[in-house]
There are 2 protein chains.
Amino acid sequence: MSGTLYGVGVGPGAPDLLTLRADRLIRSARVVAYPAPDTGPSLARQIAADAIPKDAIEIPMIVPMRTERFPAQDVYSNAASEISGHLTVGTDVVVLCEGDPFFFGSFMYLFARLADSHPVEIVPGVSSLGACAAAIRWPLVARNDVMSVIPATLPDDALRTGIHGADAVALMKVGRHLPRVRALIETMGLTQHSGYIARATLSNEVACSLSDAPDTAPYFSMILISKGEDPWLSQHPPFSA
Amino acid sequence: MSGTLYGVGVGPGAPDLLTLRADRLIRSARVVAYPAPDTGPSLARQIAADAIPKDAIEIPMIVPMRTERFPAQDVYSNAASEISGHLTVGTDVVVLCEGDPFFFGSFMYLFARLADSHPVEIVPGVSSLGACAAAIRWPLVARNDVMSVIPATLPDDALRTGIHGADAVALMKVGRHLPRVRALIETMGLTQHSGYIARATLSNEVACSLSDAPDTAPYFSMILISKGEDPWLSQHPPFSA
C-alpha cells in the first residue's frame, strides 16, 4: 500500500506562519523533500527547519533560479523517481513548498508526475499575497474589487493591460525587472498607489512606497498597486497608518 | 500605553489550518472580536473555537450578510468604539478574520477606524484561494500565468472582460449568482476548464467540475477557471488525478 505524498505550504518565511497541520506533518515526517537554489540555502527548508526531525531523510531538489530554465524537467523527474521509491514501500513523503503549494510553486511538477500513481494531499499555506499586504498594511481587495496577479517577468504591454483592468494588482517575482516595471507604473500615473515589499515576514523584510524602493530587488519581492477607489480604503491612503 | 489590535487570519475553515502564530495569539487573548451573520453562528469563531480562552471577553460584530448593505458602518463603528476602550486601558484585542485579514475581509473596516490611534498587527492567514485550489487539486498559477480574482457579484460584461484577460480566474462569492455565472462561462466555451468549490476544508466541502455543481451555492463558494495553456498542467487536465 502506497504512502501519501503531502504537498505542504510552509508560508512566506516566518516559521510561526506554518499552519498547525503543516507543523504536525513535518514533525512526523520520515522523508522530506524541498526545492533549493543552485546557490545558497533552501528557503522552504529554512522556514520549516525547527520542525524537521533530525533523522528524516532529506531530498533537496536543486533547481536553477533562472526563469529561462524553468521547468527544470530533469530535476523534477529525478526527484519524483526518488520520492516514488519511498511511496511505493509505504512511506509518506512531505514536500515543503514556499507559500502555498499551488500558487506559483514548483510542487505542481511533482504533482503532475506522481498524482496518477500515488495518493496526494495538498496542505494550503499562507501565500506571499497575504504576507505582503500585511507587511505594507494595505487591504488587498474589498467588496467588488477585481485583483490581478501578474508576473513582473511579462513584457510591458501585458503588464499595462493587466494593471489597467484591475482595482488591485500584485506584481510577482519583481527581482531584476524592478527598474522597467517602476518606469511603466510611473507612465501609468500609479506610483503614488504602489508599494514595494521584499522578503515579507522575514527579519530583513522591506515594505515601503515604490518611490522609496531600492534600486535592486531580490527574487522574492512584490509590487502591490491599490487604486484606492474604495472610499473606505481612501480614508487611509497608503502609508498613513 | 495602548494595547495592540491584532487582525488574525484563521484560514478557510479547518481549525488546523490556523497558523502557529494565530493559535498562540488567540490562546493568550483576553478580548476576542469576530464577524457574525445576523442568522447563524460565526464561521471565524467556529474555526478558532478550541483556542479561545473560556474567560475571554467576546465581541461579536453582527453584520447583515446581504451585499447591498455593506459596509454596515454602524456595526463597525460600534465595535471599533468597544475595542478602542479595551486598547486604551492597555489590553490587546484579537480580531478573528476568516481566511486572510486583508483579502475581502471585514477587518479593514476596523483597521480604518483604529490604525491611526492604536498599534495594529496583521497576521496573514491561509486564504480561500489556496484552500479551493487544494480542494479541487488544481495548480492555480504557474510560471508566467496571470490570475484574476473577480467577485461573481459583478455584471456579465465585467466578468467576461476579467475572465478573458487571465490564464486562471477565481470567481469569489458565487452564492446566488451561480446560474448566471455558469451560463456566462458556457457561452465563453470554458465550462470544461471550470471547477466549483464550496466550504473548502470543512467537513461538508464540495469540489467538482462546474457541470456537476449543484443548482444552488452557499455564500462561501468559488468557481476556478484554469485555461490550461501550460503544458505541465495539461498533462493532468482537471479531475484526472
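1. Let's start with how the two chains relate. Chain B superposes on chain A by a rotation of 180° with 0.0 Å of shift along the axis, and the RMSD is 0.0 Å. That is what a two-fold axis does. Bear in mind that this is a predicted model. As for the contact between the copies, 100% of the interface residues of chain B are also interface residues in chain A, so the copies meet through the same surface.

2. Next, a strand that takes part in joining the chains. Strand β6 of chain A, residues 147-151, is linked to β6(B) by 3 bridges, and the two run antiparallel. Which residue of β6(B) is the bridge partner of A:V149? That would be B:M147.

3. Stay with β6(B) and look inside chain B. Strand β7 of chain B (residues 168-172) is joined to β6(B) by 5 bridges, and here the strands run parallel. One of the residues involved is B:V149, whose bridge partner in β7(B) is B:A170. Put helix α6 of chain B (residues 156-164) together with β6(B) and β7(B), and you have a right-handed β-α-β unit.

4. How covered is β6(B)? Of its 5 residues, 5 are buried, so to speak of the strand as mostly covered is fair. In a regular strand, side chains alternate between the two faces of the sheet. Here B:M147, B:V149 and B:P151 point one way, while B:S148 and B:I150 point the other way, and all are buried.

5. Now the aromatics. Over all chains, the structure holds 12 aromatic pairs. One of them is A:Y76 with A:Y109, a tilted pair at 5.0 Å centre to centre with 35° between the planes. A:Y76 sits in helix α3 of chain A (residues 73-88) and A:Y109 in helix α4 of chain A (residues 107-114), so the pair ties together parts that are 33 residues apart in sequence. Both rings belong to buried residues: A:Y76 has a relative accessible area of 1%, and A:Y109 has 2%.

6. Over in chain B, B:F107 and B:F111 make another tilted pair, with 6.3 Å centre to centre and 45° between the planes. These two residues are 4 apart in helix α4 of chain B (residues 107-114), so about one helical turn separates them. B:F107 is buried at 2% relative accessibility, and so is B:F111 at 4%. In chain A, residues A:F102, A:F107 and A:F111 form one aromatic cluster.

7. On to the nonpolar packing. The largest nonpolar core has 94 residues, and the members touching the most others are A:I83, A:V95, A:F107, B:I83, B:V95 and B:F107. What does A:I83 contact, leaving aside neighbours within four places in sequence? The list is A:L5, A:A33, A:I59, A:V93, A:V95, A:L110 and A:L114. Apart from the largest core lies another core, of 46 residues, among them A:A213, B:A152, B:V174 and B:A217.

8. Last, a loop residue. A:A72 is in the loop between β3 (57-63) and α3 of chain A. Buried or exposed? A:A72 counts as buried, because its relative accessibility is 11% and the cut-off for buried is under 20%. Neighbours within four places in sequence aside, A:A72 is in contact with A:V63 and A:P64. From A:A72 to A:A166, 94 residues apart along the chain, the C-alpha separation is 32 Å.

Definitions and conventions
Residues are numbered from 1 along each chain as its sequence is written. Chains are lettered from A and ligands numbered from 1 in the order in which they are written. This is a predicted model: local features need pLDDT of at least 70, side-chain atom pairs count only at pLDDT 80 or more; totals for chains, interfaces and linings use all residues. Side-chain values use heavy atoms; hydrogens and water are left out. Buried means under 20% relative accessible area, exposed over 50%, partly exposed in between (1.4 Å probe, protein chains only). Two strands pair if DSSP finds at least two bridges between them. A crossover is right-handed if, with the strands pointing away from the viewer, the path from the first strand over the helix to the second runs clockwise. Copies are superposed by least squares on the C-alpha atoms of residues with pLDDT of at least 70 in both. Contact means heavy atoms within 4.5 Å. Rings of Phe, Tyr and Trp (its six-membered ring) pair if their centres lie within 6.5 Å; planes under 30 degrees apart count as stacked, over 60 as edge-to-face and the rest as tilted. A nonpolar core is a set of buried Ala, Val, Leu, Ile, Met, Phe, Trp, Tyr and Cys residues joined through side-chain atoms within 4.5 Å.
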